[in-house]
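Thanks, everyone; I would like to take a few minutes on the charged pairs and the enclosed spaces of one model. Please have a look at it first, and then I will go through it piece by piece.

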Amino acid sequence: MSRPHKLPILAVKHLADPGSGRLEDVCRKYGAFYIQDDGILSGQVRPVGREAADFFAQSEDRKARHIATPENHFVGYRPLGSEASMLEDQKENCEQYKIGYLKQGGQNSRDTATERLSDACFEGGATLAYWLEAQRMSDAIIASLGEVLSLGREYFASRCSQPMHQLGLNRYPCVADKPVISMSAHKDLCLLTLVAQEYAGLEIQVDNGDYELAEPIPGTVVCMLGEYMHRWSGGSVVAPMHRVRGSARVSRISVIYKHRPNFDAVIQTPLFCQDLDKFIEQNYKTGLSYEKKIFNIMGSDQADPAIGR
């Protein structure tokens, strides 16, 4: 069982304050924190949740018009149980709708958010506004992380000129008998993830190996570093394992934004390997690593022609 835990709270407007060192300390210890955002994203959780609830309440036939397929790299609607766990023998008890960038010819990307949000459920514009603000906030966070890693504030911006960012609307159905793990433990393949939730469910593994509940705090969203940031830091910052516990009381919706670099971004920073107690060379291709993962967990028999190149 997890126990409630309040991760550090950092104000997004003070992340770049010189000499504070707090962001660096938090990233090296937890790899996760609350971002105090003055309601920019946290204040939109409820209206985005209403749009998402309206979408998920539609018939399966109607939702299937937006079905995620190998051809669209699984951006779109993923039905309940369509995604397999990477670490455990189970199907994830989660229904998802993914919007965001798609690779388009060569190494360019195309933002599909407007067309993915053309359904009448999203005509209020809350989800589209959230998508745009999440990108701006994440740009500010990774600029500060560039300073933490002594790479400079513009380092990641130049590697996100044709990005692969995604926004996910996740619905975790109410579990009638007892609470279960609705999304199994994993790390995110991205630079960072922003999680907004109205009801608790996200659990983050801390340095002692326990999972602790990241309870919603008004005026904040949760920020977690991803595997790409861990690798780019040479292993000095944490990409935390995390999972989602289902509720026996309510069906939950959470809003998950993932900030990803250009498809062709390659990480070459030497990575410290604890098992070997030494640094090892990397030639880690971020785009191909994500494609391999997504085609695997979605159980696709249709291999993407880009994989293995």
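Before I turn to the cavities, one convention is needed: Ala, Val, Leu, Ile, Met, Phe, Trp, Tyr, Cys and Pro count as nonpolar, Asp, Glu, Lys and Arg as charged, and the others, with Gly among them, as polar. Please also keep in mind that what you are looking at is a predicted model.

With that convention, the lining of the second largest cavity has 9 nonpolar, 5 polar and 3 charged residues. This cavity has a volume of about 160 Å³, and of the 17 residues that line it, Met164, Phe263, Gly287, Tyr290 and Glu291 lie nearest its centre. Both β5 and α7 supply at least two residues to that lining, and it is α7 that gives the most, with 5 residues.

Now for the larger picture of the enclosed space. How many cavities of 30 Å³ or more does the structure hold? The count is 3, and the largest of them contains about 370 Å³ of space. Its lining is made up of 32 residues, and those nearest the centre are Glu83, Met183, His186, Asp188 and Lys258. The elements that give two or more residues to this lining are β5, β7 (166-172), β8 (181-186), β9, β13 (242-245), β14 (252-259) and α7 (286-297). By class, the lining of the largest cavity divides into 13 nonpolar, 10 polar and 9 charged residues.

Let me stay with β7 for a moment, since it is in that list of lining elements. Of its 7 residues, 6 are buried, so β7 is largely enclosed by the rest of the structure. The strand runs antiparallel to β5, with 6 bridges joining the two, and it also runs antiparallel to β14, here with 7 bridges. To give an example from each pairing, Arg171 in β7 stands opposite Glu95, while Asn170 has Ser254 in β14 as its bridge partner.

That brings me to the salt bridges, of which the count comes to 16. As a general matter, side chains of opposite charge can pair when their charged atoms come close. Glu95 forms a salt bridge with Lys63, and the closest N and O atoms are 2.6 Å apart. This pair links distant parts of the chain, given that Glu95 belongs to strand β5 (residues 95-103) and Lys63 to helix α3 (residues 60-63), 32 residues apart. Are these two residues buried or exposed? Glu95 counts as buried because its relative accessibility is 3%, and Lys63 likewise counts as buried, at 2%. The pair also belongs to a network of salt bridges that links Glu60, Lys63, Glu95 and Arg171.

A further salt bridge joins Glu83 to Arg78, with 2.9 Å between the closest N and O atoms. Glu83 is buried, with a relative accessible area of 9%, and Arg78 counts as buried at 2%.

Finally, the side chains of Glu198 and Arg46 meet in a salt bridge at 2.8 Å, N to O. Here too the pair links distant parts of the chain, 152 residues apart, with Glu198 in the loop between β9 (192-197) and β10 (202-205) and Arg46 in helix α2 (residues 45-56). Glu198 is partly exposed, with a relative accessible area of 34%, whereas Arg46, at 51%, is exposed because the cut-off for that class is over 50%.

Technical notes
Residues are numbered from 1 along each chain as its sequence is written. This is a predicted model: local features need pLDDT of at least 70, side-chain atom pairs count only at pLDDT 80 or more; totals for chains, interfaces and linings use all residues. Side-chain values use heavy atoms; hydrogens and water are left out. A salt bridge is a side-chain nitrogen of Lys or Arg within 4 Å of a carboxyl oxygen of Asp or Glu. Helices (H or I, at least four residues) and strands (E, at least two) are DSSP runs, numbered from the N terminus. Buried means under 20% relative accessible area, exposed over 50%, partly exposed in between (1.4 Å probe, protein chains only). On a 1 Å grid over the protein atoms alone, a cavity is a set of points where a 1.4 Å probe fits but cannot get out, and a pocket is an open set with protein on both sides within 12 Å along at least five of seven lines; lining residues have an atom within 4 Å of a point. Grid points are joined across faces, edges and corners, and a volume is the space filled by probe spheres set on the points. Two strands pair if DSSP finds at least two bridges between them.
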